[in-house]
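Work through the exercises below with the sequence and the structure open. Each task is followed by a solution in steps.

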Amino acid sequence: MVEVTDERRQRIADFIEPLRVRPGSAVDLSRDFDPGYRSDQLRKKKDGVELLNAGIALLADYQRRLAAENSHGVLMCLQSLDAGGKDGTIRHVMSGVNPQGVRVSSFKVPSAAELAHDYLWRYAARLPARGEIGIFNRSHYEEVLVVRVHPEALARQRLDAIGDGIWDRRYREINDWERYLVDNGITVVKLFLNLSKEEQRVRFLKRIDVPERNWKFSAADARERRRWDDYQHAFSQMLSATSTEKAPWYVIPADRKWFARICAGAVLAQALIDIDPQYPTVDADALRDLADAKRELEAQAPGGAAPDPFAPSHDGHGHHRTNGHGKTKGKGKGSSKGNRSRSDAGTGTRAKPR
């Protein structure tokens, strides 16, 4: 289990606070959030490697506890423009967790069956269960982003009334839906990967110039880039209207992929720390059943095998856990490593004098 001290908890909270969209604030992306932002503590990529690895280990531990407790779920929504780094963020940040406890859903152009339902239907069908982390690679916010920039997509939804008030109505509906999810044990984590126009241009060129990346680029990407200002306005309006106390937005500076991944991991880690899932405890009856099963299994040990390789044993110097093969670890009688320093144990060499 990864220990999260009060100091570490506060350090994570302080790190992500500049990324949080204050509920009720009016956001202007070009003014309020810098895609190239870095914290003072992390100026270089090499400084973030250890921190990212520590964050991955922390997420793995908390995900195991989340699954074991089976009381809460986590929904992480990822939004960005093309080439914003959503896939890479998922791949790196979630690299240490058990795949059985994570489900990634990507949402493309809605199918005919999906268009036959309300606009939140297909997203509700992919919500995480209790004990799971669900990731929406693009999310229900497409319904106030792409659909807003391309009104023809809205027309396909066959609504009775389409007017200027539809976006305020959808913001309200989305806020109500997310409040419902939170009230029912699903923590909603919302990340917008904020990419600069120049960095997007560079990443597009890389996808064109490197043959192995050609599949990631299409002519549609270039067409959407022409609507850059429209998307910036739509994102600003979305962040202003839907960053709430129960489900705030975090704007992740995405020009540096390594820093974006650390930020995304920190926000998700904070959400899990706040949930604080715990491994279930068993009652007295269950403990008696465990003791009975333990005695039965110990009695089945073949000759020469330890009855319980994982039980504490005593060698005259203190209690030590066994190594899983009936032999005690550490110093003591019969240990070939008893006279070796900790720094060179297992290397076959002696530690050099300082």
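**Exercise 1: a helix pair**

Helix 1 and helix 13 are oblique to each other. The model is a predicted one.

Task: Find at what angle helix 1 and helix 13 pack, and explain why the pair is classed as oblique.

Solution.
1. The angle between helix 1 and helix 13 is about 125°, and their axes lie 10 Å apart.
2. Angles of 65 to 115 degrees count as roughly perpendicular and those over 145 as roughly antiparallel, so the rule for the rest applies and the pair is oblique.
3. The crossing of these two helices, helix 1 and helix 13, is left-handed.
4. Helix 1 contributes Arg 9, Ile 12, Ala 13, Phe 15 and Ile 16 to the contact, while helix 13 contributes Phe 259, Ile 262, Cys 263, Ala 266, Val 267, Gln 270 and Ile 273.
5. By class, the residues in this contact are 10 nonpolar, 1 polar and 1 charged.

**Exercise 2: the cores**

Task: Identify which residues touch the most other members of the largest nonpolar core, and which elements supply that core.

Solution.
1. The largest nonpolar core has 45 residues, and Met 94, Leu 191, Ile 252 and Leu 272 touch the most other members.
2. Elements giving two or more residues to this core include helix 1 (6-16), helix 3 (45-69), strand 4 (186-194) and helix 13 (257-275).
3. Helix 13 provides the largest share, 14 residues.
4. Leaving out residues up to four places away in sequence, Leu 272 touches Leu 59, Tyr 62, Leu 66, Val 74, Ile 133 and Pro 277.
5. A separate second core holds 37 residues, among them Leu 81, Val 149, Val 188 and Met 238.

Definitions and conventions:
Residues are numbered from 1 along each chain as its sequence is written. This is a predicted model: local features need pLDDT of at least 70, side-chain atom pairs count only at pLDDT 80 or more; totals for chains, interfaces and linings use all residues. Side-chain values use heavy atoms; hydrogens and water are left out. A nonpolar core is a set of buried Ala, Val, Leu, Ile, Met, Phe, Trp, Tyr and Cys residues joined through side-chain atoms within 4.5 Å. Buried means under 20% relative accessible area, exposed over 50%, partly exposed in between (1.4 Å probe, protein chains only). Helices (H or I, at least four residues) and strands (E, at least two) are DSSP runs, numbered from the N terminus. Contact means heavy atoms within 4.5 Å. Axes are lines fitted to C-alpha atoms, for helices over the stretch in contact, and angles run from 0 to 180 degrees between N-to-C directions. Angles under 35 degrees count as roughly parallel, over 145 as roughly antiparallel, 65 to 115 as roughly perpendicular and the rest as oblique. A crossing is left-handed if the near helix is turned anticlockwise from the far one by less than a right angle, and right-handed if clockwise. Ala, Val, Leu, Ile, Met, Phe, Trp, Tyr, Cys and Pro count as nonpolar, Asp, Glu, Lys and Arg as charged, and the others, Gly among them, as polar.
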